[in-house]
Amino acid sequence: MQIYTRTGDKGYTRIIGGMQLAKDSERIKAYGTIDELNSFVGYAVTLIKNNDSLKKELTQIQQCLFDCGNDLATPNGKGTYRVTSALTEWIEKCIDAHVDIPPEVESFILPGGSQAASILHICRTIARRAEREIVTFQWTNDMNEEVLIFVNRLSDYFFSVARVANVNEGIKDVLYERGGKVFHIDLKKEDL
């Protein structure tokens, strides 16, 4: 199998359906950032300690990220989309399962702690960048809207599993010292 095609030598690449696009196009930036995120998730898997189920879950996230990249590389009507609302429902269940493991916090936390948590926070920020790039892409292109919804959940997912990674290694989150309470809801009786 030949890996190089020479198409990129002049700044172009081909997407699903054979269309040729500039490598700096919004579509290529969007799925390129998903690819970057997938690589960092793979690295995170190698750093997870004492939690085989989290490793398996992160590997499943990698599969989902390939699906996202596929859908972003597929022009409307040129193929079948893979990302559905079921994927978002699944990741929401994962987030819900992880959120109760670490102790509650009422302030921002600093990214870091264990090596695994640190890389998962990097995944969180790359997911946010990918989301911004997908938003930019979708303003002028038809695309599978489910990809944006799923990627929107990813930053919450990576935040929750970064905290779990710290718990797994007995490391406390470092709280941001100069902020007030941010993760609380003050409901008044009349709001109910």
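Biologist: In which loop is Ile-48 found?

Modeller: Ile-48 is found in the loop between H1 and H2. Please keep in mind that this is a predicted model. Every position discussed here is therefore a position in a predicted model.

Biologist: Is Ile-48 buried or exposed?

Modeller: The general idea is a cut-off: a residue with under 20% relative accessible area is called buried, and one with over 50% is called exposed. Ile-48 has 4% relative accessibility, so it counts as buried. In space, the C-alpha of Ile-48 is 8.6 Å from that of Asn-168, although 120 residues separate the two in sequence.

Biologist: Which other residue lies in the loop between helix H1 and helix H2?

Modeller: Asn-50 lies there, between helix H1 (26-47) and helix H2 (52-72). Asn-50 has 68% relative accessibility and therefore counts as exposed, whereas Ile-48 in that loop counts as buried. The backbone of Asn-50 also deserves attention: its phi is positive, at about 60°, although Asn-50 is not a glycine.

Biologist: Let us turn to the whole chain. How many helices and strands does the protein chain have?

Modeller: The protein chain has five helices and four strands. Followed along the sequence, these elements give the pattern β-β-α-α-α-β-α-α-β. The C-alpha atoms fill a box of roughly 55 × 45 × 30 Å along the principal axes. Of the 192 residues in the chain, 40% count as buried.

Biologist: How should one read a single helix, and what does H3 reach from its first C-alpha to its last?

Modeller: One begins with its span and then considers its sides. Helix H3 (residues 85-99) has 15 residues and reaches 21 Å, close to the 21 Å expected at 1.5 Å a residue.

Biologist: Which residues in H3 are buried?

Modeller: The buried residues are Leu-87, Thr-88, Ile-91, Cys-94, Ile-95 and His-98. Around the axis they cover an arc of only 120°, so they lie on the same side of H3. The face turned away from that buried side carries the exposed residues Lys-93, Asp-96 and Ala-97.

Biologist: Let us take one residue of that buried side. What is the relative accessibility of Leu-87?

Modeller: Leu-87, in helix H3, has 15% relative accessibility and so counts as buried. Its C-alpha is 10 Å from that of Arg-153, and the two residues are 66 residues apart in sequence.

Biologist: Cys-94 is also in H3. How many disulfides does the structure hold?

Modeller: The structure holds zero disulfides. The general test is distance: two cysteine sulfur atoms must be within 2.5 Å. For Cys-94, the closest cysteine sulfur is that of Cys-64, at 8.6 Å, which is too far for a bond. For Cys-68, the closest is again in Cys-64, at 7.0 Å, also too far for a bond. Cys-94 counts as buried at 7% relative accessibility, and Cys-68 counts as buried at 0%.

Biologist: How does one read a pair of helices? At what angle do the axes of H4 and H5 cross?

Modeller: One considers the approach of the axes and then their angle. The axes of helix H4 (residues 115-140) and helix H5 (residues 145-168) come within 8 Å and cross at roughly 170°. An angle over 145 degrees counts as roughly antiparallel, and that makes H4 roughly antiparallel to H5. By class, their contact has 17 nonpolar, five polar and three charged residues.

Biologist: Is Val-164 buried or exposed?

Modeller: Val-164, which is found in helix H5, is buried, with a relative accessible area of 1%. Its C-alpha atom is separated by 9.7 Å from that of Pro-103, and these two residues are 61 residues apart along the chain.

How values were computed
Residues are numbered from 1 along each chain as its sequence is written. This is a predicted model: local features need pLDDT of at least 70, side-chain atom pairs count only at pLDDT 80 or more; totals for chains, interfaces and linings use all residues. Side-chain values use heavy atoms; hydrogens and water are left out. Axes are lines fitted to C-alpha atoms, for helices over the stretch in contact, and angles run from 0 to 180 degrees between N-to-C directions. Helices (H or I, at least four residues) and strands (E, at least two) are DSSP runs, numbered from the N terminus. Angles under 35 degrees count as roughly parallel, over 145 as roughly antiparallel, 65 to 115 as roughly perpendicular and the rest as oblique. Ala, Val, Leu, Ile, Met, Phe, Trp, Tyr, Cys and Pro count as nonpolar, Asp, Glu, Lys and Arg as charged, and the others, Gly among them, as polar. Buried means under 20% relative accessible area, exposed over 50%, partly exposed in between (1.4 Å probe, protein chains only). The expected span of a helix is 1.5 Å times one less than its number of residues. The arc is that of the directions from the helix axis to the C-beta atoms.
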